Amino acid sequence: MLKHRIANNPLPVIYFTIFVDLIGFGIIIPIIPQLLANPASEYFLLPNGQTIQQGYVLLGLLTAIFSIMQFLAAPILGQLSDRFGRKPVLALSLAGTCISYVVFALGIFTKNIPLLFLSRGFAGLTGGSISVAQASIADVSTPQNRARNFGYMGAAFGLGFILGPYIGGKMSDPTVASWFNPTTPFIFAAILAFINIISVFIFFPETNKFIKKEMVIKWSNSFMNIWHAATHKTLRELFLTNFLFNAGFTFFTTFFSVYLINKFHYTQGNIGDYFSYIGIWVVISQMIITGQVAKRFSEIKTLRISLIAAGIVIFLFFIPSSTIGLLLITPFLAIFNGLVMANLTALISRSVEPNVQGEIMGINSSISALAMLIPPILSGFIAAKFHPDTPIYIAGLVMVLSGIVFWVF
């Protein structure tokens, strides 16, 4: 009876998929800096003779390789799900995710840095589960329940991001349990992903009722989307704003954990707690504050303030000398970031006709993906050449620049 009831409703499996995906994304946040950018950590992987500057470069590249592979593969996986159905592509993506976690744990255990890169690259290549899950939600949603269904998706997304860093920090800390170490969270994530695969096979019905068996796959879709963004007469300035803001925020996230280690001597457990705290405020921003602001101000008015304000908040993080000050500043970053994400997407969507919404959202996703792959590469080399705090300063400048571009155009 339970199986029949769930099989008629694919949404629980979809939400579980998104939840597991974000847990996996969050788990890695507190651990990677300890492996490559903290010589004081007992889990530091760089062999003798290699400098911390080389560790910074590796940190940037390891962060980037996932985004590079996802930038190339995500649009293709979306097309494959149109041609062969959501269920097989979703299962394939989850299988790749599961394998990547096991390989990452093996890389840590054997102190094999190339295995870490192989794991993250493979995870990005097969990591289209969220885009396929979104398509599945769209398949089964009606105009009456579409907003509610995607709202639940946002809740699963937020809950996964809150728990992911916390689990990663705690399950990698041997002071919590003697058998915990940096491989433990990835084994846990692999088990969750395996359970997710089983749930897809047993409970998930095919939601794509219009499978396009004759569809021709466009392998260069990611690059074509960037070209369309650059040449779109109506939206290119908004796309540029989106690129700059996301690029700035990626500069910030890539090396902020290193900043926490260097200035506040954070362990992986402390970093996990802190990013979970960010996640809580992101959810509050999305669920409460964004809606209240939308009732009073238009997207344009909100963006004029929040784009520049988010950039200014980045510089405020250099002021506190204790964790209390850090915690007081964090809600403002989460709130302004939430306002930008919601209103910029809404403004882009509202600026075009309904019959091209899918195409425009696809282009916007490619712009965001590009903004997440370039800054980590640059951050590693910038931190190695100058100082590990430098990418955070650049983050603030680029985010303020996105606000200036929005004001001017």
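A cavity, in the sense used here, is a set of grid points inside the protein where a 1.4 Å probe fits but cannot get out, and the residues that line a cavity are those with an atom within 4 Å of such a point. With that in mind, we can begin inside this predicted model, where Ile31, Gln34, Leu35, Tyr43, Ser172, Pro182 and Gln268 line the largest cavity. The space in this cavity comes to about 30 Å³, and the structure holds one cavity of 30 Å³ or more. When the lining residues of the largest cavity are sorted by class, four are nonpolar and three are polar, while none is charged.

From this enclosed space we can step back to the protein as a whole. Its secondary structure consists of 16 helices, with zero strands. Along the principal axes, the C-alpha trace spans about 55 × 50 × 35 Å. A compact globule of 409 residues would have a radius of gyration near 22 Å, and because the protein has 21 Å, its value agrees with that expectation. Of the 409 residues, 54% are buried.

Several of the helices can now be taken in turn, beginning with H9, which runs over residues 184–203. Its 20 residues should span 28 Å at 1.5 Å a residue, and its end C-alpha atoms are indeed 28 Å apart, so the expected and the computed span agree. The buried residues of H9 are Thr184, Pro185, Phe186, Ala189, Ala190, Leu192, Ala193, Asn196, Ile197, Ser199 and Val200.

Helix H12, which covers residues 268–296, has 29 residues, and the distance from its first C-alpha to its last is 41 Å, close to the 42 Å expected at 1.5 Å a residue. This helix nevertheless bends by about 40°, and the bend is located at serine 285. Serine 285 is itself one of the buried residues of H12, which also include Gln268, Tyr274, Phe275 and Val293. Gln268 has already appeared in this account, as one of the residues that line the largest cavity.

The protein also has pockets, and the second largest of them has a volume of about 190 Å³. The helices that each give two or more residues to its lining are H11 (236–264), H13 (299–316) and H16 (390–408). Named one by one, the lining residues of this second largest pocket are Thr234, Glu237, Leu238, Thr241, Ile300, Arg304, Leu347, Ser351, Val405, Phe406, Trp407 and Phe409. By class, seven residues of the lining are nonpolar, three are polar and two are charged.

The loops between helices offer two residues with a particular backbone angle. Most residues other than glycine have a negative phi. Lysine 111, by contrast, has a positive phi, near 55°, and this residue lies in the loop between helix H5 (86–109) and helix H6 (113–126). With a relative accessible area of 54%, lysine 111 is exposed, because the cut-off for that class is over 50%. Histidine 265 also has a positive phi, near 55°, and its place is the loop between H11 and H12. Its relative accessible area is 63%, so histidine 265 counts as exposed.

Finally, pairs of C-alpha atoms let us compare separation along the chain with separation in space. Valine 13 belongs to helix H2, residues 11–27, and because its relative accessible area is 4%, it counts as buried. Although valine 13 and isoleucine 202 are 189 residues apart along the chain, their C-alpha atoms are separated by 9.9 Å. Tyrosine 152, in helix H8 (residues 146–171), is partly exposed, because its relative accessibility is 46%. The C-alpha atom of tyrosine 152 is separated by 9.4 Å from that of leucine 11, with their positions 141 residues apart along the chain. Asparagine 246, which is found in helix H11, is buried, because its relative accessibility is 10%. From asparagine 246 to asparagine 270 the separation is 24 residues in sequence, and their C-alpha atoms are 25 Å apart in space.

Key: Residues are numbered from 1 along each chain as its sequence is written. This is a predicted model: local features need pLDDT of at least 70, side-chain atom pairs count only at pLDDT 80 or more; totals for chains, interfaces and linings use all residues. Side-chain values use heavy atoms; hydrogens and water are left out. Helices (H or I, at least four residues) and strands (E, at least two) are DSSP runs, numbered from the N terminus. The expected span of a helix is 1.5 Å times one less than its number of residues. The bend at a residue is the angle between axes fitted to the seven residues ending there and the seven starting there. Buried means under 20% relative accessible area, exposed over 50%, partly exposed in between (1.4 Å probe, protein chains only). On a 1 Å grid over the protein atoms alone, a cavity is a set of points where a 1.4 Å probe fits but cannot get out, and a pocket is an open set with protein on both sides within 12 Å along at least five of seven lines; lining residues have an atom within 4 Å of a point. Grid points are joined across faces, edges and corners, and a volume is the space filled by probe spheres set on the points. Ala, Val, Leu, Ile, Met, Phe, Trp, Tyr, Cys and Pro count as nonpolar, Asp, Glu, Lys and Arg as charged, and the others, Gly among them, as polar. The radius of gyration is taken over C-alpha atoms; the globule rule is 2.2 Å times the number of residues to the power 0.38.
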